[in-house]
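The following exercises are intended for a reader who is new to this structure. Each task is followed by a solution in steps.

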Amino acid sequence: MSNCAIILAGGEGKRMKSNLPKPMSEVLGKPMLRWVIDSVKSAGVDDICVVKGYKKECIDEFVSTLPFEVETVYQAERLGTGHAVMMAKDFLEKHSGNVVILNGDAPFMDAKTISDALALHTEKGSVATVISAKVSDPTGYGRIVRDENDNFLKIVEQKDCNEEEKKINEINSGGFWFNCEKLLSVLGEIKSDNNAKEYYLPDALKLLLDKNEVVSAFVSDNPDTVLGANDPEQLKELNEIAKSKGYK
């Protein structure tokens with residue numbers, strides 16, 4: 001039984017004013033995608049699949065320069081995170097362990113967070129574990145809602161939050177651990193009946209909960225794990241954070 005990783009790197013990032021896929025934008029001279037791959041490898045996960053989309057040839061060229069093998073799959077249409085994972089179905093079917101699914105444009109998702117989330121996932125016998133973080137300003141992020149016993153209930157997106165939920169400062173990082181087999185059992189059930197007509201990976205959590213499966217949330221002690229960049233200004237901020245905190 002071996003664990004594996006799927007890294008979502010299909011985004012165009014129109015506001016980045018760049019002709020590169022967004023995960024290829026650099027922090028301290030290194031593509032954000034490489035930061036994520038390095039963290040996954042440092043966490044002891046060697047079997048990696050990158051989901052490419054916009055300017056896939058840039059991802060192919062980058063992967064070809066790595067000193068280790070990384071598989072890639074192509075998401076021709078960008079129809080959401082759930083759809084991206086569907087493109088990696090064949091990769092998932094080759095594995096019987098757990099899979100960590102991460103965004104390729106979150107450079108500060110660190111190896112300790114990935115490993116510690118897996119430890120909680122295993123300890124609780126979970127089939128899915130959301131990687132979360134507590135932040136001072138949760139605006140714009142999906143909130144982690146828990147019950148009175150601190151068990152995970154659901155993720156509520158900012159636009160759907162009621163007044164109480166808006167006060168929650170535990171947010172979804174966009175990173176998840178799943179049991180491969182259990183994820184495959186619900187992947188085809190994810191629907192695109194939302195305003196964007198996209199397939200969202202967090203919907204898999206609800207489907208698993210509806211089947212009485214155990215779903216958990218792991219709080220990273222590094223709030224920077226949730227950070228990404230949607231425009232040049234935010235990318236500049238990531239570079240400044242990396243310098244000031246000694247990330248490398």
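**Exercise 1. A leucine in a loop**

Is leucine 28 buried, partly exposed or exposed, judged by its relative accessibility?

Solution. The model is a predicted one. The relative accessibility of leucine 28 is 37%. Buried would require under 20% and exposed over 50%, so at 37% leucine 28 counts as partly exposed. As to its place, leucine 28 belongs to the loop between strand S2 (26-27) and strand S3 (30-31).

**Exercise 2. Backbone angles with a positive sign**

Describe phi at leucine 28 and at aspartate 150, and set the values against the general rule.

Solution. Step one is the general rule: most residues other than glycine have a negative phi. Step two is the value for leucine 28, where phi is near 50° and thus positive in a residue that is not glycine. Step three concerns aspartate 150, with a positive phi near 75°. Aspartate 150 lies in the loop between strand S8 (143-146) and strand S9 (152-156). With a relative accessible area of 51%, aspartate 150 is exposed.

**Exercise 3. A cluster of rings**

Determine how tryptophan 35, phenylalanine 108 and tyrosine 247 are connected through their rings.

Solution. The structure has three aromatic pairs. In one of them, tryptophan 35 and phenylalanine 108 have ring centres 5.8 Å apart and planes at 80°. An angle over 60 degrees counts as edge-to-face, so this pair of tryptophan 35 and phenylalanine 108 is edge-to-face. Along the chain the two residues are 73 positions apart, with tryptophan 35 in helix H1 (residues 32-42) and phenylalanine 108 in the loop between strand S6 (98-103) and helix H5 (111-123). Both tryptophan 35 and phenylalanine 108 are buried.

The next step follows phenylalanine 108 to tyrosine 247: their ring centres are 4.5 Å apart, the planes differ by 25°, and the pair is stacked. Tyrosine 247 is in the segment after helix H9 (232-245), 139 residues from phenylalanine 108. The accessibility values are 2% for phenylalanine 108, which is buried, and 21% for tyrosine 247, which counts as partly exposed. Taken together, the ring pairs join Trp35, Phe108 and Tyr247 into a cluster.

**Exercise 4. Lysines over rings**

Over which ring does the charged end of lysine 30 sit, and over the face of which residue does lysine 41 lie?

Solution. The charged end of lysine 30 sits over the ring of tryptophan 35, at 4.5 Å from the ring centre. Tryptophan 35 is also a member of the cluster treated in Exercise 3. Lysine 41 lies over the face of phenylalanine 68, with 4.2 Å to the ring centre.

**Exercise 5. Two helices in contact**

Characterise the packing of helix H7 (residues 180-187) against helix H8 (residues 203-210).

Solution. First, the angle between H7 and H8 is about 100°, and their axes are 10 Å apart. Second, angles from 65 to 115 degrees count as roughly perpendicular; H7 and H8 are therefore roughly perpendicular to each other. Third, the residues that meet are Lys182, Leu183 and Val186 from H7 and Ala204, Leu207 and Leu208 from H8. By class, this contact comprises five nonpolar residues, one charged residue and no polar residue.

**Exercise 6. A distance across the model**

State the setting of glutamate 164 and its separation from lysine 211.

Solution. Glutamate 164 is part of helix H6 (residues 163-166). Its relative accessible area is 53%, so glutamate 164 is exposed. Glutamate 164 and lysine 211 are 47 residues apart along the chain, and their C-alpha atoms are separated by 27 Å.

Notes: Residues numbered from 1 in each chain as written. Predicted model: local features only at pLDDT ≥ 70, side-chain atom pairs only at ≥ 80, totals over all residues. Heavy atoms only, no water. Axes fitted to C-alpha atoms, helices over the stretch in contact; angles between N-to-C directions. Helix = DSSP H or I, 4+ residues; strand = E, 2+ residues; numbered from the N terminus. Parallel < 35°, antiparallel > 145°, perpendicular 65-115°, else oblique. Contact = heavy atoms within 4.5 Å. Nonpolar A, V, L, I, M, F, W, Y, C, P; charged D, E, K, R; others polar. Phe/Tyr/Trp six-rings, centres within 6.5 Å; stacked < 30°, edge-to-face > 60°. Buried < 20%, exposed > 50% of the residue type's maximum accessible area, 1.4 Å probe, protein only. Lys NZ or Arg CZ within 6 Å of the ring centre and 35° of its normal.
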